[in-house]
Structure formats: C-alpha cells, structure tokens
Amino acid sequence: MTTITPQFDAEALYQVLEAKVKAALAQVDNVAVIGVYSGGAWIAERLVAALQLNPGERLGFIDVSFYRDDFSEKGLRADIKPTQIPFDVNGATILLVDDVLYTGRTTRAAINELFDYGRPAKIMLAALIDRGERDLPVAADFIADAVTLQSGQSLQLERADDGSFSLMVHSNA
C-alpha cells in the first residue's frame with residue numbers, strides 16, 4: 001500500500017530558492033534556464049519569470065530518459081517529453097533546474113544531454129530539495145533545503161492548476 005503525506009511548504013521553499021538564484025545571477029550575462037521534466041521544468045518556468053528572462057529565448061526543458069545509466073533496469077516511463085532547447089548552448093551560463101536532488105544520476109544524464117547541444121561556458125545546478133544519498137559526486141549550487149527521508153520513501157513535487165507547488169512524501173509499505 002502506498003501512503004502519501006504532505007510534509008513541506010513547497011511555496012516557501014521555492015521563495016528561498018528564487019532569492020538565492022536571483023542574487024547569484026543578477027550580474028551574469030548570457031544566462032539560460034533548463035528545467036528537468038517535470039518538477040524541474042515547473043520550477044524553471046517560474047525562475048525565468050523571476051529573472052526577467054524571455055521564456056521563448058532563454059528557457060529550455062530536458063527529458064533525460066534516454067541518457068540515464070539505469071535505463072535498462074528502469075525502462076522507459078510512459079510520459080516521455082521532447083527535449084526543447086531554443087537557444088544556443090555554446091558559451092551560455094546554464095542554470096539546470098531539478099525539483100529533488102537525490103543520487104545525482106538525473107543530473108549526470110542532463111549534463112550529458114546538454115553537451116550534445118553544445119558547450120556551455122558554465123552549468124550551475126539548482127534544486128528545491130537535496131535529499132542526499134548521492135551515488136555520484138554531484139552538488140547543487142543552489143538548494144532551498146536538505147532533508148532526510150526514511151528508506152522506502154520518495155519525494156515528489158506537484159503543481160496545482162493555479163501554478164502553486166506542493167511536495168508530497170510517498171511511502172511504499
């Protein structure tokens with residue numbers, strides 16, 4: 001049986017993340033934001049607005065399904081979306097955005113895919129939550145909070161029709 005529990009104030013966490021990102025990127029040129037589907041894409045959309053970037057020119061989305069090193073174990077998800085990067089990656093400062101940083105495998109896959117589009121000047125990582133337990137040496141430049149979950153629990157960002165975020169802890173018991 002799966003139980004779902006709301007536990008975190010995702011909107012407050014987003015505000016913390018936004019403030020950190022805005023302060024760090026205020027004087028940086030050629031910034032573009034790429035969100036990892038799906039939670040990271042939702043956060044990226046809001047960050048682009050907060051940074052006052054043109055979403056048609058400086059916002060991209062990435063689906064790492066085919067780049068994951070555990071692809072053969074997990075298989076393909078049913079909700080694969082096309083990667084959309086409408087700007088030149090070469091020389092850009094890329095803010096890669098994900099909702100939950102966990103093992104580091106999604107981040108590694110996203111970076112691998114990004115380099116198929118060009119060579120950025122810099123890649124920075126932003127995540128709403130860092131839940132630790134890394135398998136790869138990946139660290140976020142910006143996080144709103146770090147949490148520890150129990151074995152068998154996962155954390156999922158959800159977006160309501162009005163665009164507001166909520167974080168749910170899923171327990172498989």
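Colleague: Let's start with one residue: which residues does Val21 touch, leaving aside those up to four places away in sequence?
Modeller: Happy to start there, and keep in mind that this is a predicted model. Val21 is among the residues with the most contacts inside the largest nonpolar core. Leaving aside residues up to four places away in sequence, its partners are Leu47, Leu51, Leu95, Ala126 and Phe142.

Colleague: Which helix gives the most to that core?
Modeller: The largest nonpolar core has 35 residues, and Ile43, Leu95 and Leu128 join Val21 among those with the most contacts inside it. One helix, covering residues 39-50, supplies 7 residues to this core. That top contributor is helix α2.

Colleague: How many residues are in the second, separate core?
Modeller: This other core includes Ala32, Val89, Ala127 and Val138. Its total is 18 residues.

Colleague: Now the open sheet: which strands are at its edges?
Modeller: Follow the order of the 5 strands, β3-β2-β4-β5-β6, in which the pairing is parallel. From one strand to the next, the twist averages 25 degrees. An edge strand here pairs on one side only, and that describes β3 and β6.

Colleague: What is the bridge partner of Asp98 in β5?
Modeller: Strand β4 (residues 93-101) and strand β5 (residues 122-130) run parallel and are joined by 8 bridges. In β5, the residue bridged to Asp98 is Ala127.

Colleague: What angle does α2 make with β4?
Modeller: Two helices are worth picturing here. Helix α1 (residues 10-25) lies across β2, β4, β5 and β6, running at about 150 degrees to β6. α2 packs on the sheet too, touching β2, β3, β4 and β5, and its direction relative to that of β4 is about 130 degrees.

Colleague: Is Asp63 buried or exposed?
Modeller: Asp63 sits in the loop between β3 and α4. A polar atom of the Asp63 side chain lies 2.8 Å from the backbone nitrogen of Lys81. Buried means under 20% relative accessible area. Asp63 has a value of 6%, so it counts as buried.

Colleague: Why is strand β8 described as largely enclosed by the rest of the structure?
Modeller: Strand β8 covers residues 165-172. The description fits because the number of its 8 residues that are buried is 6.

Colleague: Last one: which residue in the hairpin of β7 and β8 takes a positive phi?
Modeller: β7 (residues 153-159) and β8 pair in the antiparallel sense over 7 bridges, and Arg159 has Phe165 as its bridge partner in β8. The hairpin has 5 residues between the strands. The residue with a positive phi, near 90 degrees, is Gly163.

Terms used:
Residues numbered from 1 in each chain as written. Predicted model: local features only at pLDDT ≥ 70, side-chain atom pairs only at ≥ 80, totals over all residues. Heavy atoms only, no water. Core = buried A, V, L, I, M, F, W, Y, C linked by side-chain atoms within 4.5 Å. Buried < 20%, exposed > 50% of the residue type's maximum accessible area, 1.4 Å probe, protein only. Helix = DSSP H or I, 4+ residues; strand = E, 2+ residues; numbered from the N terminus. Contact = heavy atoms within 4.5 Å. Polar contact = N/O pair within 3.5 Å; in protein donor to acceptor, adjacent residues only side chain to side chain. Pairing = 2+ DSSP bridges. Axes fitted to C-alpha atoms, helices over the stretch in contact; angles between N-to-C directions.
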